[in-house]
Amino acid sequence: MEFFDRFAVPHPSPLIYASMVAIALTLIAVVIGITYFKKWGYLWREWLTTVDHKRIGMMYIISALLMLFRGGVDGIMMRLQTAVPENSFLDAQHYNEVFTTHGIVMIIFMAMAFIIGMMNIVVPLQIGARDVAFPRLNAISFWLYFAGAMLFNVSFVIGGSPDAGWTNYFPLAGTDFSQSVGVNYYMWALQISGLGTLMTGINFIVTILKMRAPGMTLMKMPMFTWSALITNVIIVFAFPVLTIALLMGTLDRQFGTHFFASTNGGMDMLWANLFWVWGHPEVYILILPAFGIYSEVIATFSQRNLYGYKSMVGSMVLISFMSFLVWVHHFFTMGHGPLVNGIFSITTMAIAVPTGIKIFNWLLTMWKGKIRFTVPMLYSIGFIPLFTIGGVTGVMLAIASADYQYHNTMFLVAHFHNVIIPGVVFAMLAGLTYWWPKVFGFMLNERIGKWGFWFLSIGFCLAFFPMYITGLDGQARRMYTYSEETGFGPLNLLSFFGAGLMAIAFILIVFNIYYSFRNSPRNVGQDPWNARSLEWATHNPVPEYNFAVTPVVNSSEAFWDSKKNGHNLFPDKFEKIHMPNNSGVPVIMAGFFFIFGFSFVFSIWIGVILAALGIFGCMAYRTFENDHGRYISVEEIKETEKKYGGAK
Amino acid sequence: MKLKLAFISFAILLTTFLAGCEPLLVLDPKGPQAETTANVIWISIITMAVIVIVVISLLIFMIYKYRASKQGEDYEPPHIEGNPLVETIIVAIPVLIVIFLSIVSVKSTYEVETVPEGYENQEPLVIYAASSNWKWHFSYPEQDIETLNYVFIPTNRPVEFRLYSYGPITSFWIPQLAGQKYAMADMVTKINLVAETPGDYVGRNANFSGEGFAENTFTATALSNEEFDKWIDEIHSTAEPLTEEQFNKLLKPGHLGQMTFTGTHLDFAPAPEGEHAGHHHGDESEDETNTEHEDHSNH
Amino acid sequence: MKLDKSQPLEYGTHQNQMNILGFWIFLGAEIMLFGTLFASFFTLENGVGSGPTGADVFEITPVVLETIILLTSSFTIGLATHAMRINNKKATLVFLGITLLLGLSFLSVEIYEFIHYYHVGLTLQTSAFSAILLTTLGTHGAHVTFGLFWGLFIFLQIKKRGFTPETTNKSFIFSLYWHFLDVVWIFIFSFIYLKGLM
């Protein structure tokens, strides 16, 4: 029995036991359901083994929505706990676990997955490619992400959640101050999903550089593809830093090394530096694809071309470069003196310049346009003022002397939610609504979508604007409680109310998917939005080979060009199409990674060794495998095209 | 519509800001350092408010003027590439604002990191502030006393806090007197501040440090010079001396009320500065003599 | 699968070109990985605590030996690629085999070196310096070990399947990997060992 003691949750509560039961019941229900409907074979053939970028993208987005739910529940619990002074809904330890997992789940497993899912679905279509450069690797990326996400999520029912904050500063995260296995979970969940992200980065850079349709020069790429390219370059350069930091953290916790210890020459500040050398570029990994989506949506629904294409590209390149030069602003208060702080203060503020250029370019895109207020456009219009507020408070935080007062307060919390929610989450919802018909062939209901938007925006303002004030009034972040005399009570209650509205928005958005699935007409045609870029030149939903004939383009708005100027996108004849084969190796390998991570968390070395052998076995299998893919014949293509209504 | 709402909520926010029943701590400074930061914050709020208002006005103009329902059926929006003049303007304005704020930032950062103007000639009062889970230990080496979870300082005299930590990174913060600075285990960081008004000020650790973090607070009381001296004398006549054994007991994780001792823990547990700094050498410093340390630093 | 005859076989198909580009980008990520290790090393190299310093434990002989072995193996993998270009299967296999054997001997010397460190009291747990030293060397060593298996598998594939677009592509990419490990070693040699010995 002693062996099993380690799996017990160190700080159990009725809530956690209830979640255990709920998780177990859900799992049983899912398994029974799939077995009853005899869907195991379908699931394996069509989803678990798929290498199709569209399906992988869908799986990313479904996972992201699940994680949004998990992270959202964490968020609501935090707001509920702090809604009134001296509340006793959560105790300190649970509150610490909840805000730690909220941060990680939202950043790594929700936002990243949403973005990568969006890139998976859209980028190959926008550049007229059949798939990504390495479809098999793409499946591995997804399954590694998924294994990492699941590993992170079992922590709270087996062994305990991490409790040192998402920034996980040492020595607090060391074994002296965080004895449960929670932080081990943090290390391995991030490590495994980070590996997947790095592979995605490589995959998409090659895809975008090497698989563009004939005629599509770099400066004729749609803006979302540009943002994806730059994002993936940042991923490739930022994630290895995290890999090493996590490796050192693991060694410190599980092998007694002294990297970040305060004894034997270790340096706790090294973790903070490495974490933010990765962490700050990570912020731009999140926001740049969002900028890409807004560029597409605003141009489409203003029915005009994007203003200042070149400066849009230039500003993104500049942002990506500068994102590596500002990490110190996350700890101005560490005492490096005014010179270092001054330099990083200036580099940080300088990022506001390219960002400002983008805001003005979007405004000028609307100029002389013909603006339609669809759901994606509403999100984009809401984004501009809200993100500007978030951006300018960022500039305020960048002033080092003032940051000594904002640092670690609710002001900071308000700021980064103010950029991430209107920046990233709005963009993802805009993109989801915009490209939904592309993937599923039917539209999401506009009315429910608009209700969702209003609830989300108003809820957001009510939830986060009060935090600017409580921050300036001295409320530190991550406090599980506060006394009545502080006077933080009323504004925190308002925040909780706003969080409730955001929860309603989430329910509306999910309900919209269900409602539209049941009621939306299926004949959306090829061009439901009067769109401009190349992905709309093929059918809705997209056939597995994307384009029956490789398109030839000569404009960044290829589809618009073909509609208005009569450009012939498809001059060539049908030819047989080469497609990659499905493979079960990625999902099996990710299974081994999960076992590896789980065993490592609990220092069960036999499991670690066996899982490592499994992982290497999968790699060895892959190198000896002789897989040349398959061909779709011209007859099959003609058949499919006829089914979609008319050959192209 | 959306914008009106966003704008109204922003306006409400600003008014609460300006006309709140009690002034916000950070914007209610009681010493020159906090006053500098409060001024910088006001400058930046005003500058940034101008930007927000400009952007929102432009946006309202665009979506009002160019909404589809207002245009004719057959209106075809023109194709417009970038315009060099416009793009120069949208680059130049942010650049000018950033230059302005950079100057403010660098200048004020130097100001708050040094002894405030007008106090340079006075000898600062040195107080060591060490955090342990979840307490603050204040040592006055000159006065040879130590307090727990509260600190008395004289007004109109520069005070130099030397910060370090027995445990996780913490952040020393008295919002009405000065901004934060981290306290860490292997080095000493410094805050210079002056209190100009007598009174009790809220102080806390602002950096998350585990279970007892929320209650990791202290009170900073500013007294006139005479009262401060009187307080010192009083302690020397009433308080017990701090022993090493007792200090180690105090370090154990938990919460304790306010306590007062004569003598400081610095005598038997020196702060991690000078030859005791943690970067190059181990933590065995307590057992070793100073000469051995000098040996080490010759490597 | 169109084969471009104007290119060497390993670049012959579009997929092959993408594989090589992808691997270059992967090497970019590896540079960041080792760069982070080096940056951490420079930060922590004085953090010896009560343990030994680099000058106390480094021995020049095994290090020079390792350097010579790895540099030679970088040369032989180059010869293997050259032999592959002129379509000489036997020579390719011989040079690839020599490379792998050299890799194996490099690893043996490194293991000897680690045992030596253990005996003079420098283990992973001794100090921050020892931890970053052994982690950096270990990460490089793990890369070499991985490379040995990978190279062996490619050896077997060339032996069995001859030169195809796939096998040539794989062995070319492997040679890039091997050269890269050599470059990393040169940095380790100069900035960890030589600097530490000075």
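Hi everyone, let me open with a question: is Glu10(C) buried or exposed? At 2% relative accessibility, Glu10(C) counts as buried, where buried means under 20% relative accessible area, exposed means over 50%, and partly exposed is in between (1.4 Å probe, protein chains only). I'll come back to that residue in a moment.

First, some housekeeping. This is a predicted model, so local features need pLDDT of at least 70 and side-chain atom pairs count only at pLDDT 80 or more, while totals for chains, interfaces and linings use all residues. Residues are numbered from 1 along each chain as its sequence is written, chains are lettered from A and ligands numbered from 1 in the order in which they are written, and side-chain values use heavy atoms, with hydrogens and water left out.

Back to Glu10(C), then. The side chain of Glu10(C) meets that of Arg85(C) in a salt bridge, at 2.6 Å from N to O; by salt bridge I mean a side-chain nitrogen of Lys or Arg within 4 Å of a carboxyl oxygen of Asp or Glu. Glu10(C) sits in the segment before helix 1 of chain C and Arg85(C) in helix 3 (residues 60-85), so the pair ties together parts that are 75 residues apart in sequence. Helices here are DSSP runs of H or I with at least four residues, strands are runs of E with at least two, and both are numbered from the N terminus. Unlike its buried partner, Arg85(C) is partly exposed, with a relative accessible area of 44%.

Glu10(C) also has Thr168(C) as a neighbour. Thr168(C) touches Leu9(C), Glu10(C), Met84(C) and Phe163(C), leaving aside residues up to four places away in sequence; contact means heavy atoms within 4.5 Å. Thr168(C) lies in helix 6 of chain C and, at 2% relative accessibility, counts as buried. Its side chain reaches the backbone oxygen of Thr164(C) at 2.8 Å.

Now for the salt bridges elsewhere. How many does the structure hold over all chains? The total is 18. One of them joins Arg532(A) and Glu557(A), at 2.7 Å from N to O. Both residues are in the loop between helix 17 (489-519) and helix 18 (558-564) of chain A, 25 residues apart. Arg532(A) is buried, at 5% relative accessible area, and Glu557(A) also counts as buried, at 11%.

That loop takes part in another pair: Glu544(A) forms a salt bridge with Arg630(A), with the closest N and O atoms 3.3 Å apart. Glu544(A) is in the loop between helix 17 and helix 18 of chain A and Arg630(A) is in strand 2 (residues 630-632), so this pair ties together parts 86 residues apart in sequence. Here both partners are partly exposed, Glu544(A) at 38% and Arg630(A) at 31%.

Let's move to the interfaces, beginning with chains B and A. Here 93 residues of chain B are in contact with 97 residues of chain A. Together the two chains bury about 8000 Å², 72% of it on carbon and sulfur atoms; buried area is the accessible area (1.4 Å probe) that two parts lose on being put together, summed over both. Which residues make the one salt bridge across this interface? Lys564(A) pairs with Glu76(B), the closest N and O atoms being 3.7 Å apart. There are also 30 residue pairs in polar contact, both residues at pLDDT 80 or more. A polar contact is a pair of N or O atoms within 3.5 Å; within protein, one must be able to donate a hydrogen and the other to accept it, and residues adjacent in sequence count only if both atoms are side-chain atoms.

And the contact between chains C and A? It takes 39 residues from chain C and 39 residues from chain A. The area buried between them is about 3200 Å², with carbon and sulfur atoms giving 73%. The rule finds zero salt bridges across this interface, but nine residue pairs in polar contact. Helix 1 (14-44), helix 5 (128-161) and helix 6 (165-197) of chain C each give two or more residues to the side that touches chain A, and helix 1 gives the most, with 18 residues.

That's my tour, thanks for listening!
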